[in-house]
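Visitor: I'd like a close look at a single part of this fold, rather than a tour of the whole thing. Could you walk me through how one helix sits among its surroundings?

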Amino acid sequence: AGADITPRQAVVLYAISLSIDPSQTSLVDRTGVDRSTLADLVRRLVERGLVSRRRVKEDRRRYAVTLTVQGIQTLDRAMAADAAASAEIKRRVADVFGRAMALEAAE
């Protein structure tokens, strides 16, 4: 909510945030997203201005990927939305558990 990205895009942004200039290959390893899907996903994130991609000087076949300021802000919103959703789920589970315990005690 409010982040305007898919869960898979959030995972990739998060994986990028944990590394310094990760390569697309290392992101495949870290996220479990297949190579062609990840390449397409990164391309779309670049087009949206959330990620920048550049060739690595030492290996011209490799791309290094970094978050832009907009990417960092989007990831922050996604993580806040995830935390809020997790808290709501925990609250609801506790509520259901409490009602189940009350029913058990009433029997």
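Guide: Here is a walk around helix H1, followed by the loop after it and a few spots further along. Keep in mind that this is a predicted model.

Helix H1 covers residues 7-17, and helix H3 covers residues 35-47. Their axes come within 11 Å and cross at roughly 85°, so H1 and H3 are roughly perpendicular to each other. On the H1 side of that crossing you'll find Arg8, Gln9, Val12 and Leu13, and they meet Thr37, Leu38, Leu41, Arg44 and Leu45 in H3. Sorted by character, the residues of this contact come out as five nonpolar, two polar and two charged.

Now for what H1 tucks away. Its buried residues are Gln9, Ala10, Val12, Leu13, Ala15 and Ile16. Gln9, Val12 and Leu13 also turn up in the contact with H3. H3 isn't alone in covering the buried residues of H1, though: the cover also includes H2, strand S1 (51-56), strand S2 (59-67) and helix H4 (69-106).

Step off H1 and you get to the loop that leads to helix H2 (24-31), where Pro22 lies. Is Pro22 buried or exposed? Its relative accessibility is 4%, and buried means under 20%, so Pro22 counts as buried. Setting aside neighbours within four places in sequence, Pro22 touches Ile16, Leu27, Arg62, Tyr63, Ala64 and Val65. Of these, Ile16 is among the buried residues of H1, while Leu27 is among those of H2. Val65 is a nice one to click on: 43 residues separate it from Pro22 along the chain, yet their C-alpha atoms are 5.6 Å apart.

Tyr63, another of the Pro22 contacts, has a companion of its own. Arg53 lies over the face of the Tyr63 ring, at 4.6 Å from the ring centre. If you were hunting for aromatic pairs, there are zero in the structure.

On to H2 itself. Its buried residues are Gln24, Ser26, Leu27, Val28 and Thr31, and they pack against H1, H3, S1 and S2. After H2 comes Gly32, with a positive phi near 80°.

For contrast, hop over to Ala87, which lies in helix H4. With 44% relative accessibility, Ala87 counts as partly exposed. Its C-alpha atom is 32 Å from that of Val65, with the two positions 22 residues apart along the chain.

How values were computed: Residues numbered from 1 in each chain as written. Predicted model: local features only at pLDDT ≥ 70, side-chain atom pairs only at ≥ 80, totals over all residues. Heavy atoms only, no water. Phe/Tyr/Trp six-rings, centres within 6.5 Å; stacked < 30°, edge-to-face > 60°. Lys NZ or Arg CZ within 6 Å of the ring centre and 35° of its normal. Axes fitted to C-alpha atoms, helices over the stretch in contact; angles between N-to-C directions. Helix = DSSP H or I, 4+ residues; strand = E, 2+ residues; numbered from the N terminus. Parallel < 35°, antiparallel > 145°, perpendicular 65-115°, else oblique. Contact = heavy atoms within 4.5 Å. Nonpolar A, V, L, I, M, F, W, Y, C, P; charged D, E, K, R; others polar. Buried < 20%, exposed > 50% of the residue type's maximum accessible area, 1.4 Å probe, protein only.
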